[in-house]
Amino acid sequence: MNKRMYAMGILLVVAALAVSACSSGSGNGGSDGGVKKTLKMWTWKVAYGPGFEAAAKLYEEKTGIKVEIETFTPDDTYRQKVRAAANSKNLPDVIHYWATNGDSLETSLLELTPNVGDDVLNSYFGPAMDPIRVTQKQVDNWATNKNATNVQKGLKVGEFYGLPLDIGGFFTFYGNKKLIEQAGLKAEAPKTFEEFVTMMETVQKETKVPGLVFGAKLPDLWENWAGSALQIMLNGPEGYINLLERKAQMSDPNNIKVAQALGSIAEKGLMMPGILSTVIDGADQAFASSKAAFNLGGTFTMSTLLAMGMNADDIVTFSVPPIAGSKLDKWSTDPFTLTMVSVSKDSKNKDEALDFIKFITSDPDAAIAFSNGAFTVSALKIGDRSKDLSPALKAMQESFTTEPGPYSKVQPYIDNRSNHKEWEEYFQSMQSVIEKKMTVEQATKKFDERMKSLAASGN
Amino acid sequence: MVTAKKKWVPYLFLLPGILLFLAIGVYSVGFSVILSFYNWSGIDFSNARFEGLSNFKDFLLGDSPVVSRNFYYALLHNFELAFFQVIIVIPVALVLAFVLQNTKMAGFYRTLYFLPMIASGIAVFYVWKGLFEPTGVLNSLFATLGLDFLVVPEGMLGNSSTSLIGIIITSIWGGLPGTLLLYYAGLTAVDPTLYEAASVDGASKATMIRKITWPLLKPMTLIAVIQMVNGAFQTFENVFIMTGGGPAGSTEVIGTLVYRTAFIDNDYGLASAIGWTSFLVTGLIAIFSIRGFKADI
């Protein structure tokens with residue numbers, strides 16, 4: 001009898017442990033009985049940790065609600081973790097994610113459209129909501145695209161499921177000041193792309209250090225970080241939109257110049273050997289260790305370079321310079337939202353989570369604390385409070401236009417680019433151009449032919 | 001002694017394992033088959049849309065020309081991997097098995113040869129990646145030996161003409177121990193009296209290998225071929241870590257294509273369809289291999 005009782009006791013303990021282990025890990029479910037509330041948040045950005053912690057501390061001081069931040073890296077792992085958690089309804093209260101829409105995460109996130117008013121939305125940089133809010137263009141594309149998901153087809157114009165956290169821009173070249181000066185040049189921004197190529201040639205010739213590095217292992221990186229800006233400057237936003245909308249040809253003398261710009265760098269042998277097996281971090285490391293004189297990045301690259309031991313005084317930065325004769329004679333840094341914060345639809349602490357994401361994105365103190373800690377520019381217009389930012393961030397923020405510019409005009413069409421598969425093939429062709437195994441003319445002709453055949457077959 | 005009354009007891013003990021297998025193995029495989037007929041982006045299956053054979057048509061019949069091109073390129077690369085693995089690993093493993101059987105330092109060599117089997121793939125493939133870099137050991141070695149024509153300035157993995165060779169080398173390296181183990185076991189199992197009898201009849205060493213050893217090792221060879229073909233069609237880890245399928249798609253294999261389609265493009269239906277087609281191709285190759293060898297055994 002005693003043995004039976006003993007066994008029963010063990011079973012009960014095991015069952016209790018199992019039940020507690022299987023319970024939701026999200027928050028502690030409320031402040032009933034005077035228990036302090038805790039929100040759980042996930043992110044994948046290790047570098048943003050101090051920023052989130054600083055903002056969370058302010059929020060706790062203000063509301064008494066603690067925010068626990070968990071980081072999962074690298075990017076792919078995080079994406080999969082979020083999707084798996086969304087399927088099992090185990091998302092945390094707050095999710096930090098890439099600024100996007102239409103990737104089906106919407107089914108697991110709280111729709112913010114009825115919950116966030118203009119008082120908050122108007123406090124952000126002009127184009128900050130663009131990649132997050134569903135546009136008419138997207139709705140039209142999803143309606144006609146046979147591959148669009150049911151979730152995409154169900155989204156309505158104006159809906160949004162996240163708030164913009166930080167903004168930035170790609171289209172930035174970083175130059176090694178010491179190497180440039182060693183080559184007898186002034187460490188200044190070149191006025192045209194051709195001038196930039198000459199600059200790289202001189203530096204490479206004089207210092208024997210390869211001219212350029214970027215994460216070319218990613219086939220679309222050049223287009224995303226430099227090519228699109230060159231194309232927008234060359235023929236104006238409309239010119240690029242025509243290409244994206246299959247209304248123009250890449251081999252057209254007016255359009256081919258952008259592909260030729262990359263081709264000229266390859267032809268002159270100015271890229272770091274092994275560039276096609278180099279990822280973004282690898283490119284930054286190569287630049288930081290003086291294995292290349294110039295590096296292509298974004299506003300966010302500076303923090304990485306500094307973390308890798310570079311001195312800000314040894315770096316010269318400039319926007320992608322226009323090809324000679326371009327319609328726009330310089331690139332105005334038209335920032336776009338990099339990441340957003342959202343609330344889980346199944347959170348037991350929805351109100352608090354919503355309050356926290358409003359706080360971190362629209363409260364000036366929180367935004368400044370986050371920016372300084374994460375070394376990224378907040379999406380909030382902070383006006384003269386920019387004096388509270390670190391000098392480098394302040395300079396970066398002031399260089400951004402606060403209203404939509406040419407890139408914002410093109411962005412909805414860029415978002416739709418993945419549905420036009422000729423681009424996927426084009427990016428691979430441009431890798432072959434980098435290898436000098438394909439000419440620019442062949443690559444652009446192939447693009448045009450594929451575009452024509454895909455359009456004809458309804459793809 | 002098991003009485004009739006207690007016959008069910010062993011099954012009771014098997015039940016947790018069976019349930020686990022049904023829950024994890026059968027369910028996930030079955031779900032993946034179903035998924036291949038749907039358009040689904042990976043979250044909440046109630047949003048999935050039945051598409052019939054559309055996913056299969058996309059890549060098999062060219063309804064989506066770029067997806068189709070990617071699939072056939074990837075398939076070709078898998079075939080190349082399987083082909084080179086089989087034709088290189090089989091003879092090398094056979095020779096090494098002979099060496100192992102006849103050397104005094106068998107223990108040392110066994111440890112050395114079987115190292116790839118126990119080493120962590122991810123860590124090792126990063127090491128391989130380093131070896132293949134422009135300034136890596138391989139290029140430096142070739143340059144030092146005066147074999148400049150073998151130096152790849154962009155690194156073996158950074159050049160679309162040589163990147164697949166790099167992947168094949170690592171696949172051979174990874175595939176060798178398993179086959180070696182099979183042959184070693186096979187050689188040890190050969191009855192020594194057969195050799196003695198052949199020797200009495202005046203057979204040479206070469207004749208003995210041709211007429212005794214090789215026929216007796218054929219079942220092992222069949223297993224090794226099937227294992228390697230299967231492995232080649234499941235290649236993912238080394239490609240994903242070392243090249244990600246590039247440059248310019250030169251090392252894309254079915255594994256990386258499925259990964260990209262599912263986890264980057266969020267098209268789980270298409271990814272499942274590609275995965276199952278690859279499974280069928282592997283199965284067909286295995287059946288043909290078995291038939292071919294059976295006719296010969």
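In this predicted model, β6(A) and strand β7 (residues 294-297) of chain A pair in the parallel sense, over two bridges. The bridge partner of L212(A) in β7(A) is F294(A). Chain A is assigned domain 1 (35-168 + 336-404) and domain 2 (172-332 + 420-456). Its partner, chain B, holds 12 helices and two strands. Contacts between the chains involve 33 residues of chain A and 27 residues of chain B.

**Four-stranded sheet of chain A**

- The strand order is β6-β7-β5-β8. This sheet is open, and its pairing is mixed.
- β6 (212-213) and β8 (315-319) of chain A are the edge strands. Each of them pairs on one side only.
- Strands of a sheet pair through backbone hydrogen bonds, either parallel or antiparallel.

**Six-stranded sheet of chain A**

- A second open sheet of chain A runs β2-β1-β3-β9-β4-β10, with mixed pairing.
- Its edge strands are β2 (66-71) and β10 (377-378) of chain A.
- Strand β1 (residues 38-43) of chain A pairs with β2(A) in the parallel sense, over six bridges.
- T38(A) has K66(A) as its bridge partner in β2(A).
- α13(A) packs on this sheet and touches β1, β2, β3 (94-98), β4 (163-168) and β9 (336-343) of chain A. The direction of α13(A) makes about 160° with that of β9(A).

**Helix α13 of chain A**

- Helix α13 of chain A covers residues 350-362. At 1.5 Å a residue, its 13 residues should span 18 Å. The end C-alpha atoms are 18 Å apart, so the expected span and the model agree.
- This helix is mostly covered, with 10 of its 13 residues buried.
- An unbroken buried run is listed from F356(A) through I357(A), K358(A), F359(A), I360(A) and T361(A) to S362(A). E352(A), A353(A) and L354(A) are also among the buried residues of α13(A).

**Domains of chain A**

- The centres of domain 1 and domain 2 of chain A are separated by 30 Å, taken over C-alpha atoms.
- Nine residues of domain 1 of chain A are in contact with seven residues of domain 2 of chain A.
- The domain 1 side of that contact has six nonpolar residues, three polar and no charged.

**Interface between chains A and B**

- On the chain A side, the elements giving two or more residues are α3 (75-87), α6 (150-154), α17 (422-434) and α18 (440-456).
- α3(A) gives the most, with six residues.
- By class, the chain A side has eight nonpolar, 15 polar and 10 charged residues.

**Chain B overall**

- From the N terminus, the elements of chain B run α-β-β-α-α-α-α-α-α-α-α-α-α-α.
- The C-alpha atoms of chain B fill a box of roughly 75 × 75 × 35 Å along the principal axes.
- Chain B has 297 residues, and 37% of them count as buried.
- Take the contacts in chain B between residues at least 6 apart in sequence: 66% of them join residues at least 24 apart.
- G130(B) sits in helix α5 (residues 121-132) of chain B. G130(B) has 14 C-beta neighbours inside 10 Å and therefore counts as partly exposed.
- G130(B) and L157(B) are 27 residues apart in sequence. Their C-alpha atoms are 10.0 Å apart in space.

**Backbone features to check in a setup**

- The peptide bond from T73(A) to P74(A) is cis, with omega near 5°. P74(A) lies in the loop between β2 and α3 of chain A.
- G246(B) and P247(B) are also joined by a cis peptide bond, with omega about -5°. P247(B) lies in the loop between α10 (237-242) and α11 (254-264) of chain B.
- F375(A) is not a glycine, yet has a positive phi of about 50°. F375(A) is in the loop between α14 (364-374) and β10 of chain A. With 23 other C-beta atoms within 10 Å, F375(A) is buried.
- N266(B), likewise not a glycine, has a positive phi near 55°. N266(B) is in the loop between α11 and α12 (268-296) of chain B. N266(B) counts as buried because 21 C-beta neighbours lie inside 10 Å.

Technical notes:
Residues numbered from 1 in each chain as written. Chains lettered and ligands numbered in written order. Predicted model: local features only at pLDDT ≥ 70, side-chain atom pairs only at ≥ 80, totals over all residues. Contact = placed C-beta atoms within 7 Å. Nonpolar A, V, L, I, M, F, W, Y, C, P; charged D, E, K, R; others polar. Expected span 1.5 Å × (residues − 1). Buried ≥ 20, exposed ≤ 12 C-beta atoms within 10 Å, placed from the backbone. Domains from an automatic or database assignment. Pairing = 2+ DSSP bridges. Axes fitted to C-alpha atoms, helices over the stretch in contact; angles between N-to-C directions.
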